[in-house]
Amino acid sequence: MVCILAVDDIPDNLFLLQSDLEDEGYEVLTAEGGEEALSIVRTELPDLVVLDINMPGLSGLEVCEKMKVDEAVKNIPVILLSANAHDDDIAHGLDYGAHDYVVKPYQLEVLMARVRSALRLKQTQDELVIAYARLKEVNESLQTLATIDPLTSLANRRYFLERVAVEIERASRYKSEVSLLMIDIDYFKSTNDHFGHLCGDKVLESVSKSFSDVVRSVDLVGRIGGEEFAVCCPKISVDEVALLAERIRNSVEELSIEYEGNFISVTVSIGATEMAAQDNEASDLFRRADAALYKAKEQGRNRVVKMTAQTIN
Ligand SMILES: [Mg+2]
């Protein structure tokens with residue numbers, strides 16, 4: 001139900017105003033002074049305030065002024081009531097952000113038309129607030145969609161490459177280390193062909209989860225392609241990252257992935273490298289990790305091969 005706060009220091013006026021508004025079907029709260037009005041506004045958050053300007057103590061104008069600088073209540077519209085159409089306070093009130101004014105004694109039709117107009121404004125504003133909140137939610141989920149691989153919840157290729165570029169930039173600025181792993185699931189295609197794509201998805205999910213369980217919280221795991229993953233590891237050398245890779249390899253080897261009564265085992269091949277002084281960009285690092293991964297495949301899969309800028313040739 002729409003709730004209106006009626007404010008007037010003269011009890012007879014207030015009673016009349018209250019009855020007229022109630023006759024129109026509104027729920028009406030009342031206040032006989034500015035202080036009381038302000039406190040009801042803040043606790044009850046009415047949809048509209050019909051506010052007498054001339055009151056002892058805190059005047060209607062001051063109430064309006066205080067409301068309009070208070071973030072929590074500034075969108076509640078105010079209709080000012082004045083005994084004098086030439087009242088300078090009307091202009092001031094409108095300047096302070098009052099929605100409208102009505103001269104007393106008011107004509108019922110005019111007051112109600114203005115009340116309806118103010119309530120329409122309030123409703124539009126409320127709808128905008130809700131629409132804005134929804135928009136913000138949609139934006140956040142779009143942001144997630146843009147950065148996260150939906151199947152594995154790992155960073156997607158684009159976001160991973162972006163983050164690696166940032167890490168490389170940071171590492172060269174602070175002269176610290178950054179290492180990279182490229183990981184490929186061995187014989188994934190034949191698992192897919194044999195058990196079907198849904199099983200393939202299950203394998204990708206389980207393997208991804210074991211990556212996330214093994215890496216450090218500062219490492220970023222990304223899904224780079226179909227069955228190809230990469231891990232960016234700041235502040236560790238190739239030797240340290242090769243140990244991490246070995247733990248990853250081992251944890252995947254120990255997985256027993258249940259799919260429709262079958263227990264499937266998979267292995268991964270991993271190429272490891274670290275950033276070298278002569279690397280100019282992320283692609284240098286990826287090329288070397290790829291070469292190491294290729295070597296791991298060549299040497300029989302299910303293994304880790306490390307390569308540095310010195311050992312590549
Ligand atoms: Mg008065």
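Here is a short walk through a few helices and one sheet of this structure, which is a predicted model.

Let's start with helix α1, which covers residues 11-23. From the first C-alpha to the last, its 13 residues reach 18 Å, close to the 18 Å you'd expect at 1.5 Å a residue. Just after α1 comes Gly-25, with a positive phi of about 95°.

Next, look at a pair of helices. Two packed helices are described by the angle between their axes and the distance between the axes. For α3 (residues 60-68) and α4 (residues 88-96), the angle is about 10° and the axes are 9 Å apart. Angles under 35 degrees count as roughly parallel, so α3 is roughly parallel to α4. On the α3 side, the contact is made by Leu-61, Cys-64, Glu-65 and Lys-68. Facing them from α4 are Asp-89, His-92, Gly-93 and Tyr-96. Sorted by class, this contact is a mix of 3 nonpolar, 2 polar and 3 charged residues.

Now for the sheet. It's an open one of 5 strands, and if you read across it you get β7-β8-β6-β11-β12, with mixed pairing. The edges belong to β7 (220-223) and β12 (304-306). Each of these has a single partner strand, so one side of each is left without a neighbour in the sheet. On average, neighbouring strands here are turned by 20° against each other, direction ignored.

To see one of those edges in detail, follow β7 to its partner. β7 pairs with β8 (residues 228-234) in the antiparallel sense, over 4 bridges. If you want a spot to find on screen, try Gly-222: its bridge partner in β8 is Ala-230.

Conventions
Residues are numbered from 1 along each chain as its sequence is written. This is a predicted model: local features need pLDDT of at least 70, side-chain atom pairs count only at pLDDT 80 or more; totals for chains, interfaces and linings use all residues. Axes are lines fitted to C-alpha atoms, for helices over the stretch in contact, and angles run from 0 to 180 degrees between N-to-C directions. Helices (H or I, at least four residues) and strands (E, at least two) are DSSP runs, numbered from the N terminus. Angles under 35 degrees count as roughly parallel, over 145 as roughly antiparallel, 65 to 115 as roughly perpendicular and the rest as oblique. Two residues are in contact if their C-beta atoms, placed from the backbone, lie within 7 Å. Ala, Val, Leu, Ile, Met, Phe, Trp, Tyr, Cys and Pro count as nonpolar, Asp, Glu, Lys and Arg as charged, and the others, Gly among them, as polar. Two strands pair if DSSP finds at least two bridges between them. The expected span of a helix is 1.5 Å times one less than its number of residues.
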